[in-house]
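Student: Please take one part of this model and examine it closely. I should then like to see that part set against the rest of the structure in one connected account.

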Amino acid sequence: MQLEQQLRDRLKKKDILLMTHIVLGYPSFDVNREVIRQMVENGVDCIEMQIPFSEPMADGPVIVRANQDAIKNGTRVADCLAFAAEMTASHDIPFLFMTYYNIIFKYGEKPFFEKARECGIKGFIVPDLPPEEGESFLQLAAEYEIAPILIFAPTSTDERMRVLASHGRGFIYCVARRGVTGTKSVIGQDVFDYLQRCREATRMPLAVGFGIQDRDDVSALIGRADMAVIGSQTILLVDENGAGAVGPFIAGLR
Amino acid sequence: MDTKDKQGFFGNWGGAYIPEVLHQTFLELNAEFIKCKNDPAFWQEYVELMSTYSCRPTPLTHAANLSKHFGGAQIYIKREDLNHTGAHKANNVMGQGLLVKRMGKKRVIAETGAGQHGVATATMAAKFGLECTIYMGEEDVRRQRPNVFWMEKMGAIVIPVTDGSRTLKDAINEAFRDWVTNVDETHYVLGTACGPHPFPEMVAWFQSIIGLEAGEQIMKQHGRMPARIFACVGGGSNAMGIFKRFIPESNVELVGVEAGGHGIETGAHAVRLSGTDGSPGVAQGYKTMFLQDSDGQMKTTHSVAAGLDYVGVSPILSDLWEKGRVRFESATDTEVMAALDLTMKKEGLIPALESSHAFVQAFKEAPQLSPDDAIIINMSGRGDKDIFTIAHAFNDPSWKDFIIKRGLEYSQDK
């Protein structure tokens, strides 16, 4: 089943979905496995698994450090693919890959899509690949039925949003603020206005992340977006309190 | 570089692999750059600024003693060291400064490796009344302390970058992170002919003033075109600067010299094009030849010269390499020290460690050519900024003694 339909089915039962993020190999695949289990058991609807890259240009300090440590620990792309296959076979929610374009480019676009489909991956988020540079990538995405998830930013004009929406599939990832991942921002009228602009540009589900930390942050999005994204927060949580802290945290968000 | 397949591409290389949040600002930057490029008054304003604020045109010096020493070609040296702040970096920075004024932005940020680009940017920001933040790898802050001192004295904030290898590439990542956060008011003054389009083309355009002058000067002093031109290649801005004018001159051989570090075979180097360690990749917003592993993770590079210690290279140079228009060689740290020593003794010139790489290769090839031929070495910067590194590499006893005594003095003050 395609990603957008999977999310729509889930939206019939919940007024907002949760997407979480992990960095593969950080602090280890064993911890990743336990964190994902807790996330799924506590109702997470979708998980983006970041394949670490040495130059994570769009990420903030928490995720940058996780990328570096994962690579230092010896995490290879092949390990990430094998782990992804194991997760999609174990849990009945959609899994995505988030990574930078060089990881895919170096592997070979076509082999990477082939392998990702084999692993049961439903979508890709590639923050440094705008549609202008992703012609063959978008073509392969259609061919292999893996959703290319495109990103809206507050700096995107209405016209630009429509262009992006015409290339994207699955859902649109709305970056709530200028800046890198993991910085907490106050959700206010300007964010609501921005989400209204996003809504007018596409009929696809909207996912939003802005350093979400608690139930209030999530409920503020109900009716304005379809999926709340929890990024750096769970990495910090695992760093400080171990994998066991993830379940209760997720359970408390909705 | 005239055959552009797709916008921002040079053959197979280049592009603009940027996060969406920067899309709009790149549209504006491209539009402004195209306007400037098509406006002869802009170039005139740029040349005027460089001749009154910096030292343009920089001389072309005939190195008579070195020429005689090698007994081959007449060696000419293009003196970019005589720019204000001591390197070719000033050309690009002042050009982008004029662009920033036109765009009405109030703040500039920059990455720096050796610190030359940071110092040049801090100078420009002071002159044009802009706020300025410089990102510099922690390792480079340690290596190039005097430049940090000058940047801070000129009012810039210097932020040491502690991610990754703590060198130039990490400073670039951090500058991009600042830019995506403060995009509305800030311009990123990228220091070399790398990064997303239009930076490679724009930086090469500002730097092309070097080759335009050198073309006129060599005709006046030597009467015909040089046989070969040598330039060191880190990101590639000084090389593009001197090469661009000569690309259509098919009899002029263009030679780029990369940092061989401890030697290609050791893996501790920054040789992307002249060896076999580089491979195509996409990072820091552009496609070029990178030093990376089979997964696409960038490797750690090494050079005695901080300004050459970089994993990527200008996409324009990757194209010229692929098309065979520019030949690439490398020089080791040891060879660099020997060439620097010889140049100081024979000509009284102090090339930067970066520039000394070009001298190494020129010295290898000069004897093969006839005394009727001329070669040009681009002396991209002056070496006195490297006094701590150079004195350390020469293991100079009297310098060490001085540092120890000064250190004692300071610790007693405390």
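**The sheet of chain A and its surroundings**

Tutor: In this predicted model, chain A contains an open sheet of 9 strands with parallel pairing, arranged in the order β5-β4-β3-β2-β1-β9-β8-β7-β6. The edge positions are taken by β5 (147-149) and β6 of chain A; each has a single partner strand, so one side of each lacks a neighbour in the sheet.

Within this order, one pair of strands can be followed in detail. β2 (residues 46-50) of chain A runs parallel to β3 (residues 95-98) of chain A, and 4 bridges join the two. At the level of residues, I47(A) has F95(A) in β3(A) as its bridge partner. The sheet also carries a helix: α2 (residues 29-41) of chain A packs on it and touches both β1 (17-23) and β2 of chain A. The direction of α2(A) makes about 175 degrees with that of β1(A). Angles over 145 degrees count as roughly antiparallel, so α2(A), at about 175 degrees, is roughly antiparallel to β1(A).

The connection between that strand and that helix has a feature of its own. P27(A) lies in the loop between β1 and α2 of chain A, and the peptide bond leading to P27(A) from Y26(A) is cis, with omega near -10 degrees.

Elsewhere in chain A, helices also meet one another. Helix α8 (residues 158-167) of chain A and helix α9 (residues 189-201) of chain A have axes that come within 9 Å and cross at roughly 50 degrees. The two helices are therefore oblique to each other, because angles under 35 degrees count as roughly parallel and those from 65 to 115 as roughly perpendicular. The crossing of α8(A) past α9(A) is right-handed. On the α8(A) side the contact is formed by D158(A), M161(A), R162(A) and A165(A), which meet R197(A), C198(A) and A201(A) of α9(A). Sorted by class, the residues of this contact comprise 4 nonpolar and 3 charged, with no polar ones.

The sheet of chain A also leads towards the partner chain. Between the chains, 31 residues of chain A are in contact with 26 residues of chain B. On the side of chain A that touches chain B, at least two residues each come from α3 (61-72), α5 (101-107) and β6 (151-152) of chain A. Of these elements, β6(A) is one of the edge strands of the sheet described above. The most is given by α5(A), with 5 residues. This side of chain A has 17 nonpolar, 7 polar and 7 charged residues.

Chain B offers a second open sheet for consideration. Its 4 strands follow the order β7-β6-β5-β8, again with parallel pairing. Here β7 and β8 (186-188) of chain B are the edge strands; each has a single partner strand, so one side of each is left without a neighbour in the sheet. On average, neighbouring strands of this sheet are turned by 20 degrees against each other, direction ignored. Strand β6 (residues 131-137) of chain B runs parallel to β7(B) and is joined to β7(B) by 5 bridges; there, T133(B) has I157(B) of β7(B) as its bridge partner. α5(B) packs on this sheet, touching β5 (107-112) and β6 of chain B, and its direction makes about 175 degrees with that of β6(B). A further helix, α8(B), lies across β5, β6, β7 and β8 of chain B and runs at about 160 degrees to β5(B). In the loop between β7 (157-161) and α8 of chain B sits R166(B), which has a positive phi of about 60 degrees although it is not a glycine.

Chain B is also divided into domains. The domain assignment gives domain 1 as 9-51 + 88-203 and domain 2 as 55-86 + 209-392, and their centres, taken over C-alpha atoms, are separated by 22 Å. In the contact between them, 40 residues of domain 1 of chain B meet 43 residues of domain 2 of chain B. The elements giving two or more residues to the domain 1 side include α5 (116-128) and α8 (168-181) of chain B. That side has 18 nonpolar, 17 polar and 5 charged residues. Lastly, chain B has a cis peptide bond of its own, joining R56(B) and P57(B) with omega about -10 degrees; P57(B) is found in the loop between α2 and β3 (60-62) of chain B.

Key. Residues numbered from 1 in each chain as written. Chains lettered and ligands numbered in written order. Predicted model: local features only at pLDDT ≥ 70, side-chain atom pairs only at ≥ 80, totals over all residues. Domains from an automatic or database assignment. Contact = placed C-beta atoms within 7 Å. Nonpolar A, V, L, I, M, F, W, Y, C, P; charged D, E, K, R; others polar. Axes fitted to C-alpha atoms, helices over the stretch in contact; angles between N-to-C directions. Left-handed = near helix turned anticlockwise from the far one by under 90°. Pairing = 2+ DSSP bridges.
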